[in-house]
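Open the model in your viewer and keep the selection panel at hand. The tour goes stop by stop.

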Amino acid sequence: MEIEAVPVEQLMTTDLVTVTADEGVESAAGTILEKEAGSLVALDDDGQIAGILTCTDLAELVSDGAIPADATVGDYMTEDVTTTDPAESIQDAAIKMLTGQIQHLPVVDSDDTVVGMLSTTDLTAHLTYMDSSGTE
């Protein structure tokens, strides 16, 4: 199957790690470590995407110095989140990721419900497998 024809839904992770925007940053960082996630999707009260908190966001926060004890995910998450559709080709998704310097791209359905996450690791694994014989 040509890369242009591979839909995002074939590569995306559906085991999402989510938080709310009012969750504490320290707790969110613990969740990232515990779940070995690269990012957390912050959901609003209606279950819609409110933002994304990535390992990069947390690294920048820590490098800035003292983290307020009452810091929340909402204080540091990216609110203007670029998303993709499950049916979009991975080539188009990859272009979004490259041009936006995005490592984690939430996948939302027609109801704006988050249904998955596409990462640069997912793309790399797929491309590596395509170039191999499919065996170890």
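A residue counts as buried when its relative accessible area is under 20%. Thr 84 has 2% relative accessibility, so Thr 84 is buried. Keep that cut-off in mind for the stops below.

**Before you start: confidence**

This is a predicted model. Colour the protein chain by pLDDT. The mean is 90, and 92% of the residues reach 70 or more. Select strand β4, residues 104-108: confidence is highest there, at a mean of 97. Now select helix α5, residues 120-131: here confidence is lowest, at a mean of 84. As a general caution, predicted coordinates should not be read in detail where pLDDT is low.

**Stop 1: Thr 84**

Select Thr 84. Thr 84 sits in the loop between α3 and α4. Show its surroundings, leaving out residues up to four places away in sequence. Thr 84 then touches Val 8, Ala 93 and Lys 96. Thr 84 also touches Leu 105, Pro 106, Val 107 and Val 108.

**Stop 2: Leu 105**

Follow one of those contacts to Leu 105, in strand β4. Is Leu 105 buried or exposed? The relative accessible area of Leu 105 is 0%, so Leu 105 is buried. Beyond its neighbours within four places in sequence, Leu 105 contacts Thr 82, Thr 83 and Thr 84. Ala 93 and Met 97 are also in contact with Leu 105. So are Gly 116, Met 117 and Leu 118. For a distance check, pick the C-alpha atoms of Leu 105 and Val 6: they are 16 Å apart in space, with the two positions 99 residues apart in sequence numbering.

**Stop 3: Met 117**

Step across to Met 117, in strand β5. Met 117 has 8% relative accessibility and counts as buried. Its contact list, without neighbours within four places in sequence, includes Met 12, Thr 13 and Leu 16. Ser 39, Val 41 and Ile 52 are on the list too. From strand β4, His 104, Leu 105, Pro 106 and Val 107 are in contact with Met 117. Asp 122 is another contact of Met 117. Now draw a line from Met 117 to Leu 16, C-alpha to C-alpha. The two are 101 residues apart along the chain, and the line spans 7.0 Å.

**Stop 4: Thr 54**

Select strand β3, residues 49-54, and go to Thr 54. Thr 54 is buried, with a relative accessible area of 16%. Which residues does Thr 54 touch, not counting those up to four places away in sequence? They are Gly 38, Ser 39 and His 104. Ser 39 and His 104 also appeared among the contacts of Met 117.

**Stop 5: Val 81**

Return to the loop between α3 (73-76) and α4 (90-100), and select Val 81. At 18% relative accessibility, Val 81 counts as buried. Setting aside neighbours within four places in sequence, Val 81 contacts Ile 49, Gly 51, Ile 52 and Pro 106. Add Leu 118 to the view. Val 81 and Leu 118 are 37 residues apart in sequence and 13 Å apart in space, C-alpha to C-alpha.

**Stop 6: helices α1 and α2**

Show helix α1, residues 25-35, together with helix α2, residues 55-63. Their axes come within 11 Å and cross at roughly 130°. The two helices are therefore oblique to each other. The crossing of α1 past α2 is left-handed. Display the side chains at the contact. Val 25, Ala 29 and Ile 32 in α1 meet Cys 55, Leu 58 and Leu 61 in α2. By class, this contact has six nonpolar residues, no polar ones and no charged ones.

**Stop 7: exposed loop positions**

Move on to Ala 69, in the loop between α2 and α3. Ala 69 is exposed, with a relative accessible area of 90%. Measure from Ala 69 to Gly 24: the C-alpha atoms are 8.3 Å apart in space, and the residues are 45 apart in sequence.

Next, select Gln 101, in the loop between α4 and β4. Gln 101 is exposed, with a relative accessible area of 73%. Check its backbone: phi is near 50°, a positive value in a residue other than glycine.

Finish at Asp 112, in the loop between β4 and β5 (114-119). Asp 112 is partly exposed, with a relative accessible area of 48%. Phi of Asp 112 is near 65°, again a positive value in a residue other than glycine.

Technical notes:
Residues are numbered from 1 along each chain as its sequence is written. This is a predicted model: local features need pLDDT of at least 70, side-chain atom pairs count only at pLDDT 80 or more; totals for chains, interfaces and linings use all residues. Side-chain values use heavy atoms; hydrogens and water are left out. pLDDT is the predictor's confidence in each residue, from 0 to 100. Helices (H or I, at least four residues) and strands (E, at least two) are DSSP runs, numbered from the N terminus. Axes are lines fitted to C-alpha atoms, for helices over the stretch in contact, and angles run from 0 to 180 degrees between N-to-C directions. Angles under 35 degrees count as roughly parallel, over 145 as roughly antiparallel, 65 to 115 as roughly perpendicular and the rest as oblique. A crossing is left-handed if the near helix is turned anticlockwise from the far one by less than a right angle, and right-handed if clockwise. Contact means heavy atoms within 4.5 Å. Ala, Val, Leu, Ile, Met, Phe, Trp, Tyr, Cys and Pro count as nonpolar, Asp, Glu, Lys and Arg as charged, and the others, Gly among them, as polar. Buried means under 20% relative accessible area, exposed over 50%, partly exposed in between (1.4 Å probe, protein chains only).
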